[in-house]
Amino acid sequence: MADARQRIIIKVFRKYSHSLGPEALQFLEEVLDRHDIVDEEVEFSIETIAREYNKQDDAAMKVSLSILQRVYEGLQDQGSGGVTETELLDPESHLYVIDAFEMPVWNWSHERGTFDRSSIPPTISGTAESRIISTRNRLYVIKQSILRNEHFSPSTLPSRDREHLVTLKSTKQLLGRAGERFLLLGILAHNMEGKLCLEDADGSVVLDLSRLEDPGEGLYAEGCIALVEGEYTEEATLEVVAIGQPPCEDRETARSIYGHIDFLGKGSTTLLEDSNFARRIREELSDVYFFFLSDVWLDNPKTFIGLQKMFDNCIENSFIPKVIVMCGNFTSRSITQGNGQDVQRYQENFDALADLIASYPQITRTTHFVLVPGPLDLTSNVTLPRKSILSSFTSQLRAKVPKVHFASNPCRLKFFAQEIVIFREDTMARMLRNTVEVKPNVAGEDLRRYLVQTILDQSHLTPLTLHIQPTLPDYDHALRLYPLPTTVVLADKYEKYKLTYSGCHVFNPGSFLGNSFAFSTYCPAEASSEEGVIDMDVED
């Protein structure tokens, strides 16, 4: 019986890349005996200790007995004192606006099979090595989740020919094996001759799509990671018979493995804490809402009419949101090539916004305002992730609105255990312009579903090559969607939509100014959004 318990203890700690010496193992067995832990609960109890141990800043791969004892005593204190359930949740102390340039850098370690925190400070310029690392991170993060996916089996992609079962292979295993069927995982790209190929960590192979009748669901653009099944030919090409998106790993599965890693830099929580927070938010904070607006054109007078109506409705109905996120563009036309008057008007428009918001003290006392730049806004860089709007334009907002945040694009909100990613980019148009393969006659609801599926399956906000969508390689982790967030806001000039895929709620609030004033309201208690519409009066 003791040997069985020891195996469980060793297995759990090994999952977190830790090894146990005889003293640490004996201590854990004594803890189990001291608390009369039955065999069925051994793994859960050790999991709790191992996860807490892994959070310690001084935790080494070889488990230290002194740190282990400290963790155990800390858990004892939590059990005896702890946070009382009678204390109401304080949303203010659990709300964080996370800038892309403040997130810690976690790179995938192929050797250790987990994430390692980088000790090298990231830079805007990046290096040749960081470009390679960012691409490998994308590929390895998806590959490790595929190999763990219980639904993944050889030849699971849409294909009429199922006679030959295949396993996931590398491009280097193709050589000398013409006529055989292979399933590969790699990045779609064009080679120097302009031919479509699939690249992985070991090499590349040219793809022949002439036999591909019906690709899997999703959008396949250059830079996307794809599962490709086909037959290797004497001409050193792969005759593709099926292509599909990598399967998406839900948030709970990823968090159960990497929950001890603080990807956002604001403290990690356990799955148990997550579920407790979710339950209590539903019970205690059902009246908390976030507003999301996009294309808030401050150079259009109608925008201020719409904002004023929205604020008036909030006051009249005693419906004050906890957060109002305003995404750019904050100008209806580009002014990067404009004259001094255009730039001055750009600043004056932000000053007018500050005056409008400050005229509603009931709102400014409690509401956080988050401003996210769009593609046309003036920031210190144009490459993703983009820095916040230049401070020289926002001095009045900082002075008059106490809870204003000038965020990067993308940025994230952390609200208790929820992670909300906010991204302002014309994603739909960019993906469609660069698609190399897609099911025929896809439009409307299917097209929106394909976009969302592609973004989440790719675990990345911009699954495109650098020449299509330049990114800062040292900050590519800020564009990563792994573990899957609770919610993703794809603010886009494309028509508004909302849907949930693999447990992640995704929505586009659409442009604020149109036939009416449109925005989205998000309820954290339900982790869902609703469309908000304010009618535009004829005289307006």
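These are my notes on the internal cavities of this model and on its confidence.

**Confidence.** I am working from a predicted model. I looked up pLDDT before anything else. The protein averages 90, and 93% of the residues score at least 70. I then noted two stretches with low values. Over residues 81-86 the pLDDT stays under 50, and the model gives this stretch 3 contacts beyond four places in sequence. Residues 160-166 are also below 50, with 13 contacts in the model beyond near neighbours in sequence. Where pLDDT is low, the predicted coordinates should not be read in detail, so I leave the finer geometry there alone.

**Cavity count.** I counted cavities of 30 Å³ or more and got 4.

**Largest cavity.** I read off a volume of about 290 Å³ for the largest cavity. Its lining holds 24 residues, and those nearest the centre are Ile-261, Phe-263, Leu-264, Glu-419 and Pro-483. I checked which elements give at least two residues each to this lining, and found α6 (251-258), β15 (411-415) and β16 (418-424). By class I have 10 nonpolar, 6 polar and 8 charged residues in the lining of the largest cavity.

**Second largest cavity.** The second largest cavity encloses about 50 Å³. I list among its lining residues Ile-142, Ser-145, Pro-247, Cys-248, Glu-249, Leu-456 and Asp-457, and also Ser-459, Leu-481, Tyr-482 and Leu-484. Two or more residues of this lining come from each of α5 (128-148) and α13 (444-457). I sorted the lining of the second largest cavity into 7 nonpolar, 2 polar and 2 charged residues.

Terms used
Residues numbered from 1 in each chain as written. Predicted model: local features only at pLDDT ≥ 70, side-chain atom pairs only at ≥ 80, totals over all residues. Heavy atoms only, no water. 1 Å grid on protein atoms, 1.4 Å probe; cavity = no way out; pocket = protein on both sides within 12 Å on 5 of 7 lines; lining within 4 Å. Points joined across faces, edges and corners; volume = space filled by probe spheres on them. Helix = DSSP H or I, 4+ residues; strand = E, 2+ residues; numbered from the N terminus. Nonpolar A, V, L, I, M, F, W, Y, C, P; charged D, E, K, R; others polar. pLDDT = per-residue confidence, 0-100. Contact = heavy atoms within 4.5 Å.
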